[in-house]
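Visitor: I'd like a close look at the aromatic rings in this one. Could you take me through how they pair up, and then show me what surrounds them?

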Amino acid sequence: YTEIDDQGTTFPVKIIDISRDGLLFQVPMSPNVKNTFSDDKELTLRFYFSKDSFLPLVVNIKHGKEHINSRGDAFMRYGSEFDKSLPSFEAMKPFIEFIYKFAEFSCVDHGENHRVYFL
């Protein structure tokens with residue numbers, strides 16, 4: 001679960017893509033959201049890994065673009081870059097590496113029978 005912490009006000013965001021350098025996230029379109037996050041705006045994101053504990057990360061907005069999904073719902077998508085100078089980013093690096101390895105080695109379950117091997 002991820003949310004933006006904007007000077008004490010928080011609201012959820014959906015992470016679309018993540019890389020070693022940054023991430024793409026979206027927020028539902030509203031009258032005020034389109035101009036809320038301008039290029040080079042610095043944001044603090046809270047990455048929750050349990051109900052009460054989160055990892056704070058700072059990102060800088062690089063671009064924003066409107067997106068409409070297949071159901072016709074409108075969102076703003078923002079590309080951002082991590083501030084890697086903060087100590088909390090050190091905790092995020094292994095998680096990002098896990099995502100890369102998962103993308104490389106994961107399988108799609110098509111309902112076929114699987115053998116499970118135990119050591």
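Guide: Happy to. Keep in mind that this is a predicted model. To set the scene, the protein chain exposes about 8500 Å², with carbon and sulfur atoms supplying 53% of that area. The chain has 1 helix and 6 strands, and from the N terminus the order is β-β-β-β-β-β-α. Of its 119 residues, 29% are buried.

Now the rings. You'll find 6 aromatic pairs in the structure. Start with Phe49 and Phe95: their ring centres are 5.4 Å apart and the planes sit at 80°, so this pair is edge-to-face. What does this pair tie together? Phe49 belongs to the loop between strand 4 (42-48) and strand 5 (54-68), while Phe95 is in helix 1 (residues 88-105), so the pair links parts that are 46 residues apart in sequence. As for cover, Phe49 is exposed, at a relative accessible area of 52%, and Phe95 is partly exposed, at 31%.

Stay on the helix for another pair. Phe98 and Phe102 are tilted, with 6.1 Å from centre to centre and 35° between the planes. Both of these residues lie in helix 1, 4 residues apart, which is about one turn of the helix. Phe98 counts as partly exposed, with 49% relative accessibility. If you wonder how such pairs get described in general, two values do the job: the distance of the centres and the angle of the planes.

There's also a cluster to look for: ring pairs link Tyr1, Tyr48 and Phe54. And one ring has a charged partner, since Arg20 lies over the face of Tyr100, 3.7 Å from the ring centre.

Next, the inside. The largest nonpolar core holds 20 residues, and Phe25, Phe82 and Met92 have the most contacts inside it. Strand 2 (9-18), strand 3 (22-28), strand 4, strand 5, strand 6 (74-82) and helix 1 are the elements that give it two or more residues. Strand 5 provides the largest share, 4 residues. Zoom in on Phe82 and, leaving out residues up to four places away in sequence, you'll see it touching Ile18, Ser19, Arg20, Asp21, Gly22, Leu23, Leu57, Val58, Val59, Phe89 and Ile96. So Arg20, the residue over the face of Tyr100, is also among the contacts of Phe82.

Strand 3 deserves a look of its own. Here 5 of the 7 residues are buried, so the strand is largely enclosed by the rest of the structure. Which strands does it pair with? Strand 2 pairs with strand 3 in the antiparallel sense over 4 bridges, and the two form a hairpin with 3 residues between them. Within that pairing, Asp17 stands opposite Leu24 in strand 3. Strand 3 also pairs with strand 6, again antiparallel, over 7 bridges, and there Pro28 stands opposite Phe75 in strand 6.

One polar residue to finish on: Asn60, in strand 5. Buried or exposed? Its relative accessibility is 19%, so Asn60 counts as buried, the cut-off being under 20%. Apart from neighbours within four places in sequence, Asn60 is in contact with Asp40, Lys41, Glu42, Gly79, Ser80 and Glu81. Across the protein chain, among contacts between residues at least 6 apart in sequence, 48% join residues at least 24 apart.

Terms used
Residues are numbered from 1 along each chain as its sequence is written. This is a predicted model: local features need pLDDT of at least 70, side-chain atom pairs count only at pLDDT 80 or more; totals for chains, interfaces and linings use all residues. Side-chain values use heavy atoms; hydrogens and water are left out. Rings of Phe, Tyr and Trp (its six-membered ring) pair if their centres lie within 6.5 Å; planes under 30 degrees apart count as stacked, over 60 as edge-to-face and the rest as tilted. Buried means under 20% relative accessible area, exposed over 50%, partly exposed in between (1.4 Å probe, protein chains only). A charge sits over a ring if NZ of Lys or CZ of Arg is within 6 Å of the ring centre and within 35 degrees of the ring normal. Contact means heavy atoms within 4.5 Å. Accessible areas come from the Shrake-Rupley method with a 1.4 Å probe; for residues, only the protein chains shown count as cover. A nonpolar core is a set of buried Ala, Val, Leu, Ile, Met, Phe, Trp, Tyr and Cys residues joined through side-chain atoms within 4.5 Å. Two strands pair if DSSP finds at least two bridges between them.
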